[in-house]
Amino acid sequence: MSDNHRIVIFIGLFLTLTSIRITDGSVVSTGDFNKDFFVTWSPSHVNTSADGRTRSMKLDQESGAGFASNQMFLFGQIDMQIKLVPGDSAGTVVAYYLTSDQPNRDEVDFEFLGNVAGKPYIIQTNMFADGLGNREERVNLWFDPTKDFHTYSILWNLHQIVFMVDWVPIRVYRNHADKGVAFPRWQPMSIKTSLWNGDSWATRGGKDKTDWSKGPFIASFRNYKIDACVWNGNARFCRAESPTNWWNKKKFSTLTKTQRRLFKWVRKHHMIYDYCQDKQRFQGNLPKECSLPKY
């Protein structure tokens, strides 16, 4: 049996063990897009099911679309099931992210970069802390994300931010504020999604343009869960350790042994770009966090 087959079986067992969440006492979402989110642009390009449980956005030559959460949050876990644009999706970008929308913004980004038919979808993640970004990483997915819905999650606490795909950690940004590295820990953030044309850069650096004859391009969303601290103006409430703030417990302060194994597998077999390896870009002066541990 190959290493890849072993890890696929391992991921299956891991998903079975992690399918039960810690608690529902802190879940603040209703599961109804109409109640928890509002359309930020181009309502004509957003379609929501009658029960509010499923929502899709379309991109055509006229417009893309976007929606955002009604509330803002400080720490927690956000899960969103997404089915990405099928077929020839080159040039398209589906964004799913947290942002504080301040001049010195904090932001935690998933960006799904479309590709020509037959080529793998690329996930680009990025981090902004105190207004500074330029922390891109790229991963090729190990499955076709256009065939079915998959869960994309962000765990955010005082210790770390973990990007997960079907509960598999693909990126960790650790809190090294005590060493002079900025970390999102004070600004509440809202949840935003959008579908837009990024063909100036998204696919092969802009070489593959959006083929509008293949449109409209549609991405779908469902089964989201917002298990987070709703911002009420008092950071202490969200930073406290309590039964509802489960994400602040010590057991979530770092990756488990199983998560570390999966994380290493993703980095070894599916990572295609890491800003911490791009010495030419930073002229040999890599950001400080690049030399610090991730867990």
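Where does His45 lie? In this predicted model, His45 lies in the loop between S1 and strand S2, the latter covering residues 46-48. Let's start there and then work outward to the sheets, the core and the disulfides.

**Around His45**

With a relative accessible area of 4%, His45 counts as buried, because the cut-off for that word is under 20%. Its side chain makes a polar contact with the side chain of Ser44, at 3.0 Å. If you skip residues up to four places away in sequence, His45 still touches a whole run of others: Ser56, Met57, Lys58, Asp60, Glu62, Ser63, Gly64 and Ala65. Try clicking on these in the viewer.

**The eight-stranded sheet**

Now for the strands. Eight of them make an open sheet with antiparallel pairing, and the order across it is S1-S4-S13-S6-S7-S8-S9-S15. Strand S1 (37-41) and strand S15 (271-274) are the edge strands, so called because each pairs on one side only. Going from one strand to the next, the twist averages 15°.

Let's walk in from the S1 edge. S1 and S4 run antiparallel and are joined by four bridges. Here Trp41 stands opposite Gly66 in S4. On to the next pair: S4 and S13 also share four bridges, again in the antiparallel sense, and Phe67 has Thr193 in S13 as its bridge partner.

What about S4 itself, buried or exposed? Strand S4 covers residues 65-69, and five of its five residues are buried, so the strand is largely enclosed by the rest of the structure.

One more step takes us to S6 (residues 92-99) and S13 (residues 190-197), an antiparallel pair joined by eight bridges. Thr99 is a good residue to look up here, since its bridge partner in S13 is Ser190.

**The seven-stranded sheet**

There's another open sheet to find, and this one has seven strands in the order S2-S3-S14-S5-S10-S11-S12, with antiparallel pairing. S2 and strand S12 (168-174) sit at the edges, each pairing on one side only. Ignoring direction, neighbouring strands of this sheet are turned by 20° against each other on average.

Within this sheet, strand S10 (residues 150-156) pairs with strand S11 (residues 160-165) in the antiparallel sense, over five bridges. In that pair, Tyr152 has Val165 in S11 as its bridge partner.

**A helix that meets both sheets**

Which strands does helix H4 lie across? Helix H4 (residues 257-269) lies across strand S9 (137-140) and S15, running at about 90° to S15. H4 also lies across S11 and S12, where it runs at about 95° to S12. S9 and S15 belong to the eight-stranded sheet, while S11 and S12 belong to the seven-stranded one.

**The nonpolar core**

In soluble globular proteins, nonpolar side chains tend to be buried together. In this model, the largest nonpolar core has 66 residues. The residues with the most contacts inside that core are Tyr96, Phe110, Phe112, Tyr152, Ile161 and Phe221. Strand S14 (residues 217-230) gives the most to the core, with seven residues. You've already met Tyr152, the bridge partner of Val165.

**The disulfides**

How many disulfides does a search of the whole structure find? The search finds two. A disulfide is a covalent bond between the sulfur atoms of two cysteines. Here they are:

| Disulfide | S to S distance | Angle about the S-S bond |
|---|---|---|
| Cys229 and Cys238 | 2.1 Å | -75° |
| Cys276 and Cys290 | 2.0 Å | -80° |

The link of Cys229 and Cys238 is left-handed, and so is the link of Cys276 and Cys290. Cys276 lies in the segment after S15, and Cys290 lies in the segment after S15 too, so this pair ties together parts that are 14 residues apart in sequence.

How hidden are these cysteines? Cys229 is buried, at 2% relative accessibility, and Cys238 is buried as well, at 0%. Cys276 counts as buried with a relative accessible area of 8%, whereas Cys290, at 24%, is partly exposed. Counting bonded cysteines along the chain, the disulfides follow the pattern 1-2, 3-4.

Notes
Residues numbered from 1 in each chain as written. Predicted model: local features only at pLDDT ≥ 70, side-chain atom pairs only at ≥ 80, totals over all residues. Heavy atoms only, no water. Core = buried A, V, L, I, M, F, W, Y, C linked by side-chain atoms within 4.5 Å. Buried < 20%, exposed > 50% of the residue type's maximum accessible area, 1.4 Å probe, protein only. Helix = DSSP H or I, 4+ residues; strand = E, 2+ residues; numbered from the N terminus. Pairing = 2+ DSSP bridges. Axes fitted to C-alpha atoms, helices over the stretch in contact; angles between N-to-C directions. Contact = heavy atoms within 4.5 Å. Disulfide = S-S within 2.5 Å. Polar contact = N/O pair within 3.5 Å; in protein donor to acceptor, adjacent residues only side chain to side chain.
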